[in-house]
Amino acid sequence: MSKKDKKEKGAKKQKGVGRKISFSRKGKSARGGSPARGGQAASGGKEKQKKGSARPMSAPRRALKKSLFLRFSVAEQVFFAKRLSFLIHASVPILDSLHIVQRQTKSKAKKKMFDAIINDVTNGQFLASSLGKFNKVFGDFAINIIRTGETSGTLDESLVYLAEELEKKQKLQRKVFGALIYPALIITATLFVVGLLTIYVFPKILPIFASLDFELPITTRVLIWITDFLTTWGLLIGGVTIGLGVLAAWLIAVKEGVHYIWDRVMIKIPLLGKIALNYQVANLNRTIGLLLKADVGVVDSFSIAGDTTNNIAYRKALKAVSESIIKGESISSQLAKRPNLFPDLVSQMVAIGERTGRLSDTFLYLSGLYEDEVDNLTKNLSNAIEPLLMITLGVIVGFIAISIITPIYQVTQSLNP
C-alpha cells in the first residue's frame with residue numbers, strides 16, 4: 001500500500017471516530033450513538049441533525065408545544081433519563097426504547113409529544129435535535145448533555161449522568177422547600193388561632209362585658225376594637241388581600257420587569273435571601289461546570305445556564321457575561337462586577353480556574369461548596385426562626401387571654417362581700 005493510500009485511510013478512520021465524552025466514568029464501548037440504529041457516525045448524524053432542525057414545524061406540533069398541560073417536573077425528567085438509559089444500555093434500539101417510555105406515560109399531551117419525537121428519530125434525526133423542539137419541557141441543559149452523548153457514542157452513560165445531576169438538583173429543591181414548610185405551618189396556625197378567638201370566641205362573651213358597670217381594662221378595649229374592625233371589614237380585607245396576591249403572582253409570571261424586581265428583592269430578604277442566593281449559585285455553577293466538561297463552549301455554557309434558571313436577575317447577568325466573553329473579557333472580571341449575585345469567592349476561584357485551565361473543575365467545586373452551604377442554612381433555619389415564631393404566638397395568645405380573663409376577674413372581685 002502506498003503512503004498516499006495509508007494517509008487517506010488514516011484520515012477516514014480519524015473522521016469516523018466520535019469524541020469520547022469527557023465526564024464518562026467507564027471505558028466501555030459506546031451505545032446509543034445514533035438516532036435509529038445506535039452506531040451511526042457523528043459526522044453523518046450532524047448533517048441529519050441540521051437538516052432535521054431546518055424543517056418547518058407543523059401546526060399540530062406548534063399547538064402541542066404551547067400546550068398548558070405539557071410540563072415535565074424534575075422527577076419526571078429523572079425517570080425519563082433513567083429509563084431510557086437502562087433500555088439503551090440493555091441494547092434495546094432507541095426507537096423501541098422511546099416506544100416503551102411512551103407506553104408508560106399516562107398524559108395524552110405527553111404521548112403526542114413522544115409521537116412527534118419518535119417520528120423525528122424514525123426519519124433520521126438525532127434524539128437531541130427532536131428534544132430541542134420541546135426545550136421548554138426538557139430544558140437546554142438536558143438537551144445539550146444528550147447531544148454530547150450522541151456525538152460521542154456514549155448516550156447511555158450521558159443519560160445516567162444526567163439523571164444523577166437532576167436528582168441532586170431535586171434534593172436541593174426539597175431541602176429549601178422543606179426548610180420553609182415548618183415556619184409556614186406555624187404562621188398559618190397562629191393566624192388561625194387568632195382569627196378563631198377574635199372573630200368567633202370573643203364576640204360571644206362581649207355582651208357580658210358590655211353589661212358591666214365599670215371601666216374595662218385597656219387590653220380588653222383594644223381587643224373589642226380589633227374584633228369589631230375584623231367583624232365589619234374582615235371579609236373585605238381578606239378578599240382584597242387575596243386579590244392583590246393573585247394580581248402580584250400574575251404580574252410576576254407575565255411581566256418580566258416585575259419578575260426581575262421580585263427576584264432581586266428575594267435574594268435580599270434576611271435569612272431566606274441567603275438561602276435563595278446560595279441555591280442559585282450552586283445550581284448555576286453545577287450547570288456551567290457540567291456543560292464545560294461535556295465540551296460545550298464557554299459562551300454557550302453561560303447562555304444555557306441562564307436559560308435553565310427561573311431567576312430573571314441571574315438570567316440577565318449570565319447573558320451579559322456571555323456577551324462580554326465574546327468581546328474577549330475574562331469570566332472572573334465580569335462576575336466580580338456583580339457581587340450582589342455572585343459572591344467574591346466565586347469570582348476569585350474562577351480567576352484561578354482561568355489561569356490553570358481547569359474551569360469545569362472549579363465550577364463543580366464551587367457548586368459542591370454552595371450546596372453544602374444551602375444544606376447548613378436550611379438545617380439552621382428552623383432553629384433560628386422557631387424561637388421568634390413561638391414568642392410571637394405566645395404574645396398574641398397571651399394578650400387575648402389577658403384581655404378576656406382580666407375583666408372576668410374584676411367581676412368576681414366586685415361580687416365578693
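This passage describes the fold, cores, helix packing and selected residues of a predicted model.

The chain holds 18 helices and 0 strands. Of its 417 residues, 40% are buried. Contacts often link distant parts of the sequence. Among those between residues at least 6 apart, 68% join residues at least 24 apart.

Nonpolar residues gather in separate cores. In soluble globular proteins, nonpolar side chains tend to be buried together. The largest nonpolar core here has 41 residues. Within this core, Ile117, Leu127 and Phe138 touch the most other members. Several helices each supply at least two of its residues: H4 (74–89), H5 (94–103), H6 (108–122), H7 (127–131), H8 (135–138), H9, H10 (155–211) and H13 (272–293). Helix H4 gives the most, with 7 residues. A second, separate core has 37 residues. Ala179, Leu277, Ile288 and Val346 are among them.

Helix H9 runs from residue 140 to residue 152. Its 13 residues should span 18 Å at 1.5 Å a residue, because the expected span is 1.5 Å times one less than the number of residues. The end C-alpha atoms of H9 are 18 Å apart, in agreement with that value. H9 is mostly covered, with 11 of its 13 residues buried. The buried set includes Phe141, Ala142, Ile143, Ile145 and Ile146. Asn144, Thr148, Glu150, Thr151 and Ser152 are also buried, as is Gly149. Gly153 follows the helix. The phi angle of Gly153 is positive, near 80°.

Two helix pairings involve H12 (residues 256–266). The first is with H11, which covers residues 218–254. The axes of H11 and H12 lie 5 Å apart, and the helices pack at an angle of about 105°. H11 is therefore roughly perpendicular to H12, since angles of 65 to 115 degrees fall in that class. On the H11 side, the contacts come from Leu251, Ile252 and Val254. These residues meet Glu256, Val258, His259 and Trp262 in H12.

The second pairing is with H15. The axes of H12 and H15 come within 7 Å and cross at roughly 100°. H12 and H15 are therefore roughly perpendicular to each other. From H12, Glu256, His259, Tyr260, Asp263 and Arg264 take part. Their partners in H15 are Ile312, Ala313 and Lys316. Glu256 and His259 of H12 thus appear in the contacts with H11 and in those with H15.

Asn311 sits in the loop between H14 (298–308) and H15 (312–326). Asn311 counts as buried because its relative accessibility is 6%, and the cut-off is under 20%. A polar atom of the Asn311 side chain lies 3.0 Å from the backbone nitrogen of Ala313. For the backbone nitrogen of Tyr314, the distance to a polar atom of this side chain is 3.2 Å. Beyond four places in sequence, Asn311 touches Asp263 and Gln280. Asp263 is also one of the H12 residues that meet H15.

Ser97 lies in helix H5. Ser97 has a relative accessible area of 0% and is therefore buried. A polar atom of its side chain is 3.4 Å from the backbone oxygen of Val92. With neighbours within four places set aside, Ser97 contacts Leu84, Leu87, Ile88 and Val92. Val92 thus appears both in this contact list and as the partner in the polar pair.

Ala163 belongs to helix H10. With a relative accessible area of 2%, Ala163 is buried. Ala163 and Phe80 are 83 residues apart in sequence, yet their C-alpha atoms are 8.3 Å apart in space. Apart from residues up to four places away, Ala163 touches Val78, Ala81 and Lys82.

Leu345 lies in helix H17 (residues 344–356). Its relative accessibility is 34%, so Leu345 counts as partly exposed. The C-alpha atoms of Leu345 and Leu366 are separated by 8.7 Å. Along the chain, these two residues are 21 places apart. Leu345 touches Leu366, Leu369 and Tyr370, with residues up to four places away not counted.

Notes:
Residues are numbered from 1 along each chain as its sequence is written. This is a predicted model: local features need pLDDT of at least 70, side-chain atom pairs count only at pLDDT 80 or more; totals for chains, interfaces and linings use all residues. Side-chain values use heavy atoms; hydrogens and water are left out. Helices (H or I, at least four residues) and strands (E, at least two) are DSSP runs, numbered from the N terminus. Buried means under 20% relative accessible area, exposed over 50%, partly exposed in between (1.4 Å probe, protein chains only). A polar contact is a pair of N or O atoms within 3.5 Å; within protein, one must be able to donate a hydrogen and the other to accept it, and residues adjacent in sequence count only if both atoms are side-chain atoms. Contact means heavy atoms within 4.5 Å. A nonpolar core is a set of buried Ala, Val, Leu, Ile, Met, Phe, Trp, Tyr and Cys residues joined through side-chain atoms within 4.5 Å. Axes are lines fitted to C-alpha atoms, for helices over the stretch in contact, and angles run from 0 to 180 degrees between N-to-C directions. Angles under 35 degrees count as roughly parallel, over 145 as roughly antiparallel, 65 to 115 as roughly perpendicular and the rest as oblique.
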